[in-house]
Amino acid sequence: MPELPEVEVTRLSFVNRIAGAKVLSLHMGKPLRWPLGCAPQGLAGRTVRGVRRRGKYLLIDLDRGLLLLHLGMSGSLSFAAHMPAAGVHDHFDLVTTKGTLRLNDPRRFGAVVYAESEDASEAVKLLGRLGVEPLSDDFDVDRFHAGLKRRKAAIKQVLLAGNVVVGVGNIYACESLFRAGINPKTAAGKISRARYDKLAEAIRDILAAAIVQGGSTLRDFIAVNGQSGYFQQTYFVYDRAGVPCRNCSAPVRQIKQGQRSTFYCAVCQR
DNA sequence: AAAAGCCCCTGGATGC
DNA sequence: TGCATCCAGGGGCTTT
């Protein structure tokens, strides 16, 4: 579920509370996407230095090593000084001196992986192929445009792949392409520099606005503070199949691209 | 190298 | 009410 804004809102909600805490214990429930990659008891005594985000991954820095955490489709984190007993979908608890960080993930597409450093193979395997951060200064339109010149795949799927720009999932890909007026089926290499300008701006604006609004609330997403997001109230196309386009009133279309639903307006997006 | 398909898994919505 | 089917915020891996 969680795309970049939801992951970032999650990070912001507990980073200040967990920083400086000492790890007391670590507990795993049912298997997640990958094994943890170390003995859980081996992390006891380490200190949490901070929490960073890279794409949709959260990086929990310890005084030695780090935990890479991914929420998959249905994962959510909570942090509390007094955590209730684990439920059936709670599959990871990091118990610290300041509270417990818990991953609830019904579908278990999420992951928690330990790596000795960001350069260790376990980390490189997950982070190495990731594209540029859309909210950083590195997200440069010239490179965005140039890097996609020879790509024949549909722009929607190029965005989703995450090896050019990270963090743009199904919702924000649909919304960004609508904002930029680009048909999601257009080959990435056939889009002009001027339109990439609009697309980059749309991605930045929409992601930033979604973070400010607390992310999207879908089936599973609730931020750590228990507040749900409000971004979904401003969808223009996502999950609006057949509903009149907010801009031109033509019915929003739903198609499949690479086993994922795409929503778009055939009039506004050409 | 790039593109397309295939999975992993559970639960909610819909339809008969 | 019960049961089958479809669909869902991701993304690594395998196959073309």
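Select first Y172, E175, S176, L177, R179 and A180 in helix α5, which meet K198, L199, A202, I203, D205, I206, L207 and A210 in helix α6; contact here means heavy atoms within 4.5 Å. The residues of this contact divide into nine nonpolar, one polar and four charged, where Ala, Val, Leu, Ile, Met, Phe, Trp, Tyr, Cys and Pro count as nonpolar, Asp, Glu, Lys and Arg as charged, and the others, Gly among them, as polar. Helices are DSSP runs (H or I, at least four residues), numbered from the N terminus.

The model is predicted: local features need pLDDT of at least 70 and side-chain atom pairs pLDDT 80 or more, while totals for chains, interfaces and linings use all residues. Residues are numbered from 1 along each chain as its sequence is written, chains are lettered from A and ligands numbered from 1 in the order in which they are written, and side-chain values use heavy atoms, without hydrogens and water.

Next, display α5 (residues 170-180) and α6 (residues 193-212) in full: they pack at an angle of about 130 degrees, with their axes 8 Å apart. That angle makes α5 oblique to α6. Axes are lines fitted to C-alpha atoms over the stretch in contact, with angles from 0 to 180 degrees between N-to-C directions. Oblique covers what remains after under 35 degrees (roughly parallel), over 145 (roughly antiparallel) and 65 to 115 (roughly perpendicular).

Keep α6 and add helix α1 (residues 4-18), which packs with α6 at an angle of about 35 degrees, the axes being 9 Å apart. L4, P5, E8 and V9 of α1 make the contact with L207, A210 and I211 of α6. By class, this contact has six nonpolar, no polar and one charged residues.

Finally, turn to DNA strand B, surrounded by K30, H89, P106, R107, R108, F109, R151, K152, A153 and Q259, each with a heavy atom within 4 Å of the strand. Sugar and phosphate account for 65% of the strand atoms that come within 4 Å of the protein. Zoom in on H89, where a side-chain N or O atom is 2.7 Å from a phosphate oxygen of DNA strand B. At R151, the corresponding distance to a phosphate oxygen is 2.4 Å.

Methods
A polar contact is a pair of N or O atoms within 3.5 Å; within protein, one must be able to donate a hydrogen and the other to accept it, and residues adjacent in sequence count only if both atoms are side-chain atoms. Helices (H or I, at least four residues) and strands (E, at least two) are DSSP runs, numbered from the N terminus.
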